[in-house]
Amino acid sequence: MEALTWAERKVFTWPDPKSAKAQAKFLLTRAKGSTKALAERLGISRRTVERYRAGKLTTPQKRLRAALVEETASEWQPQVRAQARQQAATSSGMMVDVTAHFGFTCTGSSDDGRERQITTDISPYYAKQILELQEAGATEEDLHPIVAEAITESYFTEWGTHAAGLRADFTHVSQIEFRF
């Protein structure tokens, strides 16, 4: 889930606000000017939100700094994010880079499972399924079978031209990264 979030953030065309004042102003616009709503979202008082907006406070504590950065990034450039998701789900697909333990099942297969580092394209069909599951609030474990199926199709069976009937499962995911 985190890898999908980072993939979306890599398509931004403008850098997100960096100062606490700029982040507070931006988040207030997203909260339609409601200091109460933003204060609840960040876990601080309304007065603190007003002080950051006015620039009277400039250096947030560690927890608030992390909340400001995360909330700003999650709200930044929603149209750019939506375009990237739409394009991945309909035409371009995504790229996945994963390090995990892959095990195989196939008639006549002698491949024992082992850890592999694989970078491959995912078709728009699978990209759409992955993005829909993410939007529905699926867990990482819910995504693993779909990602494994997508990797099997593109990498191991080369889009259905080799190893008919092969099924790959992966466990012990060490690292995963998506790119739009």
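## A walk through the chain

Start with the whole chain on screen: of its 180 residues, 39% count as buried. Keep in mind as you go that this is a predicted model.

**Stop 1: the overall view.** Colour by secondary structure and you should find eight helices and three strands. Following the sequence from start to end, the pattern runs α-α-α-α-α-α-β-β-α-α-β. The radius of gyration is 21 Å, well over the 16 Å that the globule rule gives for 180 residues, so the chain is more spread out than a compact globule. Turn the model around and compare its directions: the C-alpha trace spans about 70 × 30 × 25 Å along the principal axes.

**Stop 2: the loop after H2.** Select Lys32, in the loop between helix H2 (20-30) and helix H3 (35-42). Its phi is positive, about 55°, although Lys32 is not a glycine. Is Lys32 buried or exposed? Show the surface and check: it counts as exposed, at 78% relative accessibility.

**Stop 3: a second loop.** Now jump to Gln77, between helix H5 (62-75) and helix H6 (78-92). Gln77 is another residue other than glycine with a positive phi, here near 45°. Unlike what you saw for Lys32, which is exposed, Gln77 counts as buried, with 14% relative accessibility.

**Stop 4: a threonine in H4.** Select Thr48, which sits in helix H4 (residues 46-54). Thr48 counts as buried at 17% relative accessibility. Add Thr35 and draw a distance between the two C-alpha atoms: they are 9.3 Å apart, with these positions 13 residues apart along the chain.

**Stop 5: salt bridges.** How many salt bridges does the structure hold? There are eleven, and three of them are worth a click.

- Lys18 and Asp16: their closest N and O atoms are 2.6 Å apart. Lys18 counts as exposed at 65%, while Asp16 is buried, at 16%.
- Glu75 and Arg30: here the closest N and O atoms are 3.1 Å apart. Glu75 lies in helix H5 and Arg30 in helix H2, so this pair ties together parts that are 45 residues apart in sequence. Arg30 is partly exposed, with a relative accessible area of 38%.
- Glu135 and Arg85: these side chains meet at 2.9 Å, N to O. Glu135 belongs to helix H7 (residues 124-135) and Arg85 to helix H6, so the pair ties together parts that are 50 residues apart in sequence. Glu135 counts as exposed at 62%, but Arg85 is buried at 12%.

Stay on that last pair and add Glu8 and Arg81 to your selection. Salt bridges with shared partners join Glu8, Arg81, Arg85 and Glu135 into one network.

**Stop 6: helix H8 and a charged patch.** Next, select Glu2, Glu140, Glu141 and Asp142, which gather in a patch of negative charge on the surface. Which helix gives the most to the patch? Helix H8 (residues 140-156) does, with three residues. Asp142 is in H8, and Asp142 is partly exposed, with a relative accessible area of 42%.

Now look at the other residues of H8. Its buried ones include Leu143, Ile146, Val147, Ala150 and Ile151. While you look, remember a general point: an α-helix has 3.6 residues a turn, so residues three or four places apart point the same way. Finish just past the helix: H8 is followed by Glu158, whose phi is positive, near 50°.

Notes
Residues are numbered from 1 along each chain as its sequence is written. This is a predicted model: local features need pLDDT of at least 70, side-chain atom pairs count only at pLDDT 80 or more; totals for chains, interfaces and linings use all residues. Side-chain values use heavy atoms; hydrogens and water are left out. Patches are made of residues with over 30% relative accessible area and no salt bridge: like charges are joined within 9 Å, nonpolar side chains (Val, Leu, Ile, Met, Phe, Trp, Tyr) within 5 Å. Accessible areas come from the Shrake-Rupley method with a 1.4 Å probe; for residues, only the protein chains shown count as cover. A salt bridge is a side-chain nitrogen of Lys or Arg within 4 Å of a carboxyl oxygen of Asp or Glu. Lys and Arg count as positive and Asp and Glu as negative; His and the chain ends are not counted. The place of a charge is taken as NZ of Lys, CZ of Arg, CG of Asp or CD of Glu. Helices (H or I, at least four residues) and strands (E, at least two) are DSSP runs, numbered from the N terminus. Buried means under 20% relative accessible area, exposed over 50%, partly exposed in between (1.4 Å probe, protein chains only). The radius of gyration is taken over C-alpha atoms; the globule rule is 2.2 Å times the number of residues to the power 0.38.
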